[in-house]
Amino acid sequence: MRVLILNAGSSSLKASAIDGPDVTVARAEASWGSDASRAEDRAAGLRAVMRTLAEAGAPLESFDAVGHRVVHGGSRLTAAAVIDDEVLAGIREARSLAPLHNEVALETIAAARELLPAIPHVAAFDTAFHATLPPAGYRYPVPAAWFRNWGVRRYGFHGLSVAWSVRRAAELLNRRPEALRMIVAHLGAGCSVTAVDGGRSVDTSMGMTPLEGLMMGTRSGSIDPGAMLAALRPGRLSVDELEDVLDHRSGLLGVSGQTADMRTLLELEASGDPDASLALEIFVRRGAAGIAAVATALPSLDALVFTGGIGANAAPIRSQIAARLEVLGVPALPESDVHADAVLTEPGGHPAILRIEAREDVVIAADAASLLQ
């Protein structure tokens with residue numbers, strides 16, 4: 001079975017042609033800028049990646065199925081599913097919980113179904129991996145009626161990336177996934193950390209929406225709820241304006257006042273730009289704090305994985321986060337560029353620190369094959 005994988009992310013559309021179970025025939029990517037929901041012509045991205053795949057030997061007619069990454073499945077969609085009207089309704093229902101992501105996913109699904117109407121399409125959900133969170137991990141300290149009546153709870157995100165990191169880390173460490181206790185730090189346009197005990201999510205930083213937790217590209221991450229109440233007072237911001245600021249104009253972009261792009265920010269910091277330097281310091285500080293927080297859900301720590309665009313490619317950020325965790329016994333990490341999956345610490349270092357490229361596409365392809373075969 002050859003599966004076309006379409007990963008509509010926060011800043012880009014990634015496409016892969018995967019021959020089962022995990023042979024990558026071709027890959028392509030189209031940038032949507034730092035904020036996919038603000039891109040002027042996202043359909044052009046789909047056309048571009050399909051041309052690239054065809055040129056690499058994976059034309060439209062060669063695919064047997066399409067797998068889509070969807071960020072939020074809400075409480076209804078807790079496992080991968082063949083896309084039909086009911087599944088589409090569930091994705092739409094969860095739009096308010098992930099406004100930057102689910103709308104983009106719905107548009108991508110619609111365009112892909114129009115392009116490839118004769119083959120099945122499967123949705124795989126980032127929230128599904130976190131279905132194993134215990135009640136103390138997903139409940140918020142608010143009135144129980146909020147949970148019962150409004151579904152106010154932590155769902156968790158980046159689950160497809162975490163699932164791949166667990167599998168790949170086990171291979172690199174020559175350990176069984178069920179024997180590993182690890183933290184996965186997915187750092188990119190969106191950022192989260194997840195504690196994994198024996199392949200099961202036991203704590204994570206993102207919550208009911210992808211706004212909670214670490215500082216991100218254009219998203220604020222966690223801030224004092226009182227600050228948001230203050231912003232909503234008469235004469236300040238409306239609810240829609242506040243949502244826009246927290247989703248689109250905060251994070252690295254908000255603090256630097258210039259950009260959410262990590263490479264550019266590192267260059268600006270090197271040139272002495274104080275706002276870029278502050279943005280990076282907050283990013284590192286909050287990243288380390290998030291890792292330390294979810295570590296408390298584990299009885300021990302075997303490995304720390306850095307993945308996502310920043311986690312895999314920004315060596316100075318990895319090194320600075322590890323340095324802040326030395327007080328907890330995390331080994332120092334040199335600022336060396338690494339361009340392949342690898343264990344970055346010396347043999348015997350504990351916990352092991354790994355750099356792993358995010359491959360949600362392989363996980364989605366496996367989900368699609370499992371459902372359809």
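Start by selecting Asp 19 and Val 23: in this predicted model, Asp 19 stands opposite Val 23 of strand 3. Now widen the selection to strand 2 (12-19) and strand 3 (23-31). The two run antiparallel and are joined by eight bridges, with a three-residue hairpin connection leading from strand 2 to strand 3.

Next, add strand 1, residues 2-8. Strand 1 also makes a hairpin with strand 2, with three residues between them, and this antiparallel pair is held over seven bridges. To see the register, pick Val 3, which stands opposite Ile 18 in strand 2. Colour strand 2 by accessibility while you are here: six of its eight residues are buried, so strand 2 is mostly covered.

Then bring in strand 4, residues 65-70, which runs parallel to strand 1 and is joined to strand 1 by five bridges. Asn 7 is a handy marker, standing opposite Arg 69 in strand 4.

Zoom out to take in the whole sheet. Six strands make up this open sheet, in the order 3-2-1-4-6-5 and with mixed pairing. Which strands stand at the edges? They are strand 3 and strand 5 (81-82); each has a single partner strand, so one side of each is left without a neighbour in the sheet.

**The largest pocket**

Keep strands 2 and 3 displayed and turn on surfaces. The largest pocket holds about 1,200 Å³ of space. To find its centre, select Ser 11, Ser 12, Lys 14, Glu 29 and Gly 309, the closest to the centre among the 47 lining residues. Strand 2 and strand 3 each supply at least two residues of the lining, as do helix 10 (262-270), helix 12 (308-313) and helix 14 (360-372). Helix 12 gives the largest share, five residues. Coloured by class, the lining shows 15 nonpolar, 19 polar and 13 charged residues.

**The second largest pocket**

Now select Thr 209, Leu 211, Pro 225, Met 228 and Leu 246, which lie nearest the centre of the second largest pocket, lined by 25 residues. Helix 7 (225-231) and helix 8 (239-248) each give two or more residues to this lining, and helix 8 gives the most, with five. The space here is about 890 Å³. The lining divides into 16 nonpolar, six polar and three charged residues.

**The cores**

Hide the surfaces and show Leu 187, Met 262, Phe 283, Ile 291, Phe 306, Ile 317 and Ile 321, the residues with the most contacts inside the largest nonpolar core, which has 41 residues. Elements giving two or more residues to this core include strand 7 (181-187), strand 10 (303-307) and helix 13 (315-324). Helix 11 provides the largest share, eight residues. Click on Ile 321 for a closer look: leaving out residues up to four places away in sequence, Ile 321 touches Leu 187, Val 284, Gly 287, Ala 288, Ile 291 and Phe 306. A second, separate core has 26 residues, including Ile 5, Phe 129, Leu 180 and Val 305.

**Last stop: Asp 302**

Finish in the loop between helix 11 and strand 10, where you will find Asp 302. Is Asp 302 buried or exposed? Its relative accessibility is 15%, so Asp 302 counts as buried, the cut-off being under 20%. Beyond its neighbours within four places in sequence, Asp 302 is in contact with Arg 175, Ala 179, Leu 180, Arg 181, His 350, Pro 351 and Ala 352.

Methods:
Residues are numbered from 1 along each chain as its sequence is written. This is a predicted model: local features need pLDDT of at least 70, side-chain atom pairs count only at pLDDT 80 or more; totals for chains, interfaces and linings use all residues. Side-chain values use heavy atoms; hydrogens and water are left out. On a 1 Å grid over the protein atoms alone, a cavity is a set of points where a 1.4 Å probe fits but cannot get out, and a pocket is an open set with protein on both sides within 12 Å along at least five of seven lines; lining residues have an atom within 4 Å of a point. Grid points are joined across faces, edges and corners, and a volume is the space filled by probe spheres set on the points. Helices (H or I, at least four residues) and strands (E, at least two) are DSSP runs, numbered from the N terminus. Ala, Val, Leu, Ile, Met, Phe, Trp, Tyr, Cys and Pro count as nonpolar, Asp, Glu, Lys and Arg as charged, and the others, Gly among them, as polar. A nonpolar core is a set of buried Ala, Val, Leu, Ile, Met, Phe, Trp, Tyr and Cys residues joined through side-chain atoms within 4.5 Å. Buried means under 20% relative accessible area, exposed over 50%, partly exposed in between (1.4 Å probe, protein chains only). Contact means heavy atoms within 4.5 Å. Two strands pair if DSSP finds at least two bridges between them.
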